[in-house]
Amino acid sequence: MDPTNEVADRDVPMSESAEHSASTLPPLPTTSSERKNRSTVWDHFKRTSDDENKAQCQHCLKVIKCGNGTSAMRSHLKICISNPGSDRGKRQKTGTSPSPEAQVGRFDAEYAREKLISMFIREELPFRFVESQGFKEYSAALQPGFNTLSRITLARDILMFYETKKVQLQKYFSKYGGRVCLTTDNWSSCQNMAYMCLTVHFIDVDWKLQKKILNFCQVTGHTGEIMAQNVEACLNSWKLNKILSLTVDNASSNDDGLKEIDDSVAKIRDAVKYVRSSNSRLARFKACIAQENIPHKSLVCIDVETRWNSTYLMLVAALKHQKAFELLEMQDKKFVEELNKGRGVPSIQDWDYAKSVLPFLEMFYDATLRISGSSYVTSNLYMKEVFALGRRIQQYRDDDDLSISLMASKMKAKYNKYWGNAKTINMLLLIAVVLDPCHKLDYVEWCLVNSFGAEVGGELKTKLSSCLHSLYNLYQGADEGNQDDTLSQPSPSDKAKDIYDMGLYRRSTGRKSNLKSELDRYLNEDCEPDDKPLDILGWWKVNSNRFSVLANMARDILAIPVSTVASESAFSMGGRIIDQYRSSLTPKMVEALVCTEDWLKGDFFSSLAPENFEELEKVEQDLILSEDITCSSDRSKKFCTPWMGILVSTIIAVAMSFFAVGICIVSLA
């Protein structure tokens with residue numbers, strides 16, 4: 001180890017630098033019960049339990065001596081990065097850097113060290129990079145006064161940085177008044193170690209959807225019992241007890257895979273694999289494309305067999321080049337010989353079958369794109385997509401083409417497995433649609449009758465109305481069965497005002513007052529126009545004063561994630577962090593890196609940047625259509641699983657269970 005690094009380690013203790021935070025928490029409701037002290041400095045400090053002559057900063061948790069007065073504490077507040085009122089805090093909060101003139105003679109080693117730690121976490125750099133000669137020379141050129149760290153010290157600092165950020169997030173949740181929602185999923189690393197990710201979702205008081213990874217811990221297996229134990233342990237550690245829902249992956253369906261995939265689709269896949277297996281074969285295929293004057297610039301792509309959405313993209317690309325494949329069959333004997341060793345060359349009937357399959361997969365593919373985001377509300381979309389898919393499938397069942405009708409019948413059977421039983425319909429997901437001001441209750445009731453018929457649909461309408469009012473009463477804080485539009489026993493002053501005994505009249509006749517509840521007023525108002533996308537969180541933010549109780553309901557229910565995308569996306573991060581060059585990282589270090597990187601995205605604890613889904617989808621399509629996806633069957637199960645991980649036995653029904661993610665309503669207490 002470089003002795004210079006050892007000196008640097010002693011000169012700048014991490015207990016100070018890691019605790020200095022550049023974080024801006026999401027806003028919390030203000031409270032008026034906080035204790036006030038004689039000096040305003042005590043608004044930022046509290047005495048330690050073990051020594052009355054010491055006080056702890058509530059921003060960065062640093063302990064300061066206070067036996068001789070508050071001057072030391074005041075001095076600390078001026079330089080505390082975590083204090084939004086300090087010069088450093090303001091500089092960090094606004095995201096601007098000091099001017100070159102302001103930096104002259106004011107090098108801040110603590111601040112530079114914290115930024116170094118953040119860089120290694122954000123950019124997923126190997127720790128040994130900090131000891132490289134190039135990095136040392138670059139750092140010296142920027143600031144000769146900054147002494148670089150050793151990788152051992154960097155690792156220790158990262159762990160302390162993680163613990164500091166975790167404490168800040170715990171403090172936020174201790175004050176957060178609403179309920180939170182969870183997603184969880186499992187993953188296996190290149191070390192063959194099993195990990196479980198637990199992600200929390202909530203909407204802050206500024207009506208911004210937030211998601212944070214709570215843990216990324218090593219587990220002994222993927223069974224439901226082990227998952228439950230680890231979820232419970234994590235929630236206890238974070239002291240989270242107001243949980244609304246837990247969304248989990250329907251992993252049992254993964255065991256089926258695509259065992260009985262249709263031969264027609266398999267033949268086309270084999271043909272695609274052949275032309276992408278070598279440069280010479282690809283060159284011959286490109287020559288066929290040129291001869292047929294096919295205008296499509298993108299080439300065919302190999303799909304991942306366990307990802308039905310990549311199979312859809314593979315078929316889309318292959319069908320565009322059907323004539324090129326047919327010409328290749330006539331010109332390349334090797335092509336015919338290789339494919340005949342397996343299932344054979346795709347026939348005209350195979351291509352026609354693929355064309356008939358495509359519309360089915362396309363409607364699921366499009367719906368998947370709409371509901372699988374993690375940085376925008378999706379709970380109000382889920383049941384709308386389910387009902388719309390059911391209607392589309394029914395239309396295909398009535399098609400005059402016998403093959404299409406038969407295909408739709410098989411898909412309807414799969415649909416009914418998940419959504420055909422009225423007793424298992426999740427009422428909270430229906431209420432989420434009711435809380436969409438573009439639809440409300442009438443639309444949901446129409447969907448129920450249209451999907452289940454007048455009799456069963458009518459029963460579901462009654463059940464939905466009952467659940468909606470019960471939930472409203474729960475949020476209102478009323479006793480069970482006590483609606484807020486009923487007249488309670490009048491007080492003497494009320495009796496004096498009620499000179500015509502209207503109260504006595506209503507009580508004796510059972511009639512209700514003309515006052516309507518928030519829920520009734522909301523449902524009776526006209527729906528918002530649905531001709532253009534509505535910012536549903538923005539709508540509730542604007543109307544939260546008119547519908548305060550319903551707004552609290554909406555803040556909790558609209559945060560329910562309908563997929564495990566948020567947790568599964570952590571596995572991509574985990575795969576980069578635990579690569580073949582960093583496979584010796586301990587589980588604790590892995591958790592620290594994954595969680596802290598997630599927390600540092602954008603401004604710490606700030607609103608997440610909205611996803612540009614069209615741009616992301618374009619990137620994914622370009623990647624799939626221009627490169628081979630050469631995952632082994634074992635690797636594909638680990639890294640290339642579908643977003644919701646739900647697979648079924650046949651290609652025509654594979655997408656149906658894609659929407660059968662388990663959403664459990666954990667607690668409303």
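**Close-up views of a predicted model**

**View A. T586, a loop residue in the predicted model.** T586 has a relative accessibility of 45%, so this residue counts as partly exposed; the partly exposed class lies between the buried limit of 20% and the exposed limit of 50%. The loop that holds T586 runs between α25 (565–577) and α26 (587–599). In space, the C-alpha atoms of T586 and Q218 are 9.7 Å apart. In sequence, T586 and Q218 are separated by 368 residues.

**View B. An open sheet of three strands.** The strand order is β1-β2-β3, and the pairing is antiparallel. β1 (45–47) and β3 (63–65) are the edge strands; each has a single partner strand, so one side of each has no neighbour in the sheet. On average, neighbouring strands of this sheet are turned by 35° against each other, direction ignored. Three bridges join β1 to β2 (residues 54–57) in the antiparallel sense. One bridge pair is K46 with Q56 of β2. Helix α3 (residues 71–79) packs on this sheet and touches β1, β2 and β3. The directions of α3 and β3 make an angle of about 140°.

**View C. Strand β4, covered on both faces.** β4 spans residues 180–188, and nine of its nine residues are buried. In a regular strand, side chains alternate between the two faces of the sheet. One side of β4 carries V180, L182, T184, N186 and S188. The other side carries C181, T183, D185 and W187. Residues on both sides are all buried.

**View D. L182 and the partners of β4.** β4 pairs with β7 (residues 243–248) in the parallel sense, over five bridges. With β5 (residues 194–203), the pairing is antiparallel and runs over eight bridges. Where does L182 meet these strands? In β7, its bridge partner is L246. In β5, L182 stands opposite V200.

**View E. W540 in the largest nonpolar core.** Nonpolar side chains tend to be buried together in soluble globular proteins. The largest nonpolar core here has 99 residues. F325, M383, L430, L464, W540, L550 and I557 have the most contacts inside this core. Which residues does W540 contact, leaving aside neighbours within four places in sequence? They are W207, L435, P437, Y522, F547, L550, A551, A554 and L558. A second, separate core has 51 residues, including V130, F146, M589 and A592.

Conventions
Residues numbered from 1 in each chain as written. Predicted model: local features only at pLDDT ≥ 70, side-chain atom pairs only at ≥ 80, totals over all residues. Heavy atoms only, no water. Pairing = 2+ DSSP bridges. Helix = DSSP H or I, 4+ residues; strand = E, 2+ residues; numbered from the N terminus. Axes fitted to C-alpha atoms, helices over the stretch in contact; angles between N-to-C directions. Contact = heavy atoms within 4.5 Å. Buried < 20%, exposed > 50% of the residue type's maximum accessible area, 1.4 Å probe, protein only. Core = buried A, V, L, I, M, F, W, Y, C linked by side-chain atoms within 4.5 Å.
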